[in-house]
Amino acid sequence: MMWKRRRVYFRPARSRRDKRMKPITLQQVREAVGGKALTSIPAAHPAIQNVGTDTRLMESSSLFVALRGDRDGHAFIPDAAARGALAALVDEDFDAGQILPNLHYIQVANTDRKSTRLNSSHITI
């Protein structure tokens, strides 16, 4: 019996930036995380294309998740807006006096837990 040699084709590894999520509206984000809109959410708003926590990697049409840790992510909201973020997911300790006019805000009890919930409900493709 002759053994046939199988050809194995390898696909190049996809970088983390190649992963895209399904576009979702701000209303769908608010419903998925069970948050409260701190600013009005218009019906004809562009869809969220990416979700991120690092402002250095922020792309346009993104949702910025402000995490608390060694450094407070809420301090980086202006940087995220400057890089093209459409909205920010903030926790309940966020000072409403810091709201920027060109950004939409969704407030939740804990941004870390809610961002995990958002990622699991909207699968990347």
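Helices here are DSSP runs of H or I with at least four residues, strands are runs of E with at least two, and both are numbered from the N terminus. The model is predicted, so local features need pLDDT of at least 70 and side-chain atom pairs count only at pLDDT 80 or more, while totals for chains, interfaces and linings use all residues. Residues are numbered from 1 along each chain as its sequence is written, and side-chain values use heavy atoms, with hydrogens and water left out.

**Exercise 1. Work out the overall layout of the chain.**

Step 1: tally the secondary structure. It comes to three helices and five strands.

Step 2: put them in order. Along the sequence you read α-β-β-β-α-β-β-α.

Step 3: check burial. Call a residue buried under 20% relative accessible area, exposed over 50% and partly exposed in between (1.4 Å probe, protein chains only). On that scale, 34% of the 125 residues are buried.

Step 4: look at contact range, with contact meaning heavy atoms within 4.5 Å. Take the contacts between residues at least 6 apart in sequence: 52% of them join residues at least 24 apart.

**Exercise 2. Find the nonpolar cores and say what feeds the largest one.**

Step 1: set the rule. A nonpolar core is a set of buried Ala, Val, Leu, Ile, Met, Phe, Trp, Tyr and Cys residues joined through side-chain atoms within 4.5 Å.

Step 2: apply it. The largest core has 13 residues, and V29, I48, L63, L89 and I106 have the most contacts inside it.

Step 3: trace the contributors. Two or more residues each come from α1 (26-33), β3 (62-65), β4 (85-91) and β5 (104-108).

Step 4: look for another core. There is a second, separate one of 12 residues, with A80, A88, F94 and L103 among them.

Step 5: zoom in on I48. Skipping residues up to four places away in sequence, I48 touches M21, K22, P23, I24, L26, V29, S61, S62, L63 and L86.

**Exercise 3. Decide which side of α1 is buried, and see what comes after the helix.**

Step 1: list the buried residues of α1, namely L26, V29, A32 and V33.

Step 2: use the arc, taken from the directions from the helix axis to the C-beta atoms. These residues cover only 120° around the axis, so they sit on the same side of α1.

Step 3: move past the end of the helix. G34 follows α1 and has a positive phi, near 65°.

Step 4: carry on to G35, in the loop between α1 and β1 (36-37). G35 is buried at 10% relative accessible area. Its contacts, leaving out residues up to four places away in sequence, are R30, I106, Q107 and V108. The C-alpha atoms of G35 and A109 lie 7.9 Å apart, although 74 residues separate them along the chain.

**Exercise 4. Compare two loop residues, M58 and A47.**

Step 1: place them. M58 belongs to the loop between β2 and β3, and A47 to the loop between β1 and β2.

Step 2: read off accessibility. M58 is buried at 9%, whereas A47 is partly exposed at 25%.

Step 3: get the partners, again without neighbours up to four places away. M58 is in contact with G52, F64, A80, R83 and A85; A47 touches P23, I24, S61 and L86.

Step 4: look at S61, a contact of A47. S61 is in the loop between β2 (50-52) and β3, and its phi is positive, near 60°, in a residue other than glycine.

**Exercise 5. Describe the second largest pocket.**

Step 1: define it. On a 1 Å grid over the protein atoms alone, a pocket is an open set of points where a 1.4 Å probe fits, with protein on both sides within 12 Å along at least five of seven lines; lining residues have an atom within 4 Å of a point.

Step 2: give the volume, which is the space filled by probe spheres set on the points. It is about 240 Å³.

Step 3: name the lining. Of its 14 residues, T53, D54, T55, G73 and F76 are the closest to the centre.
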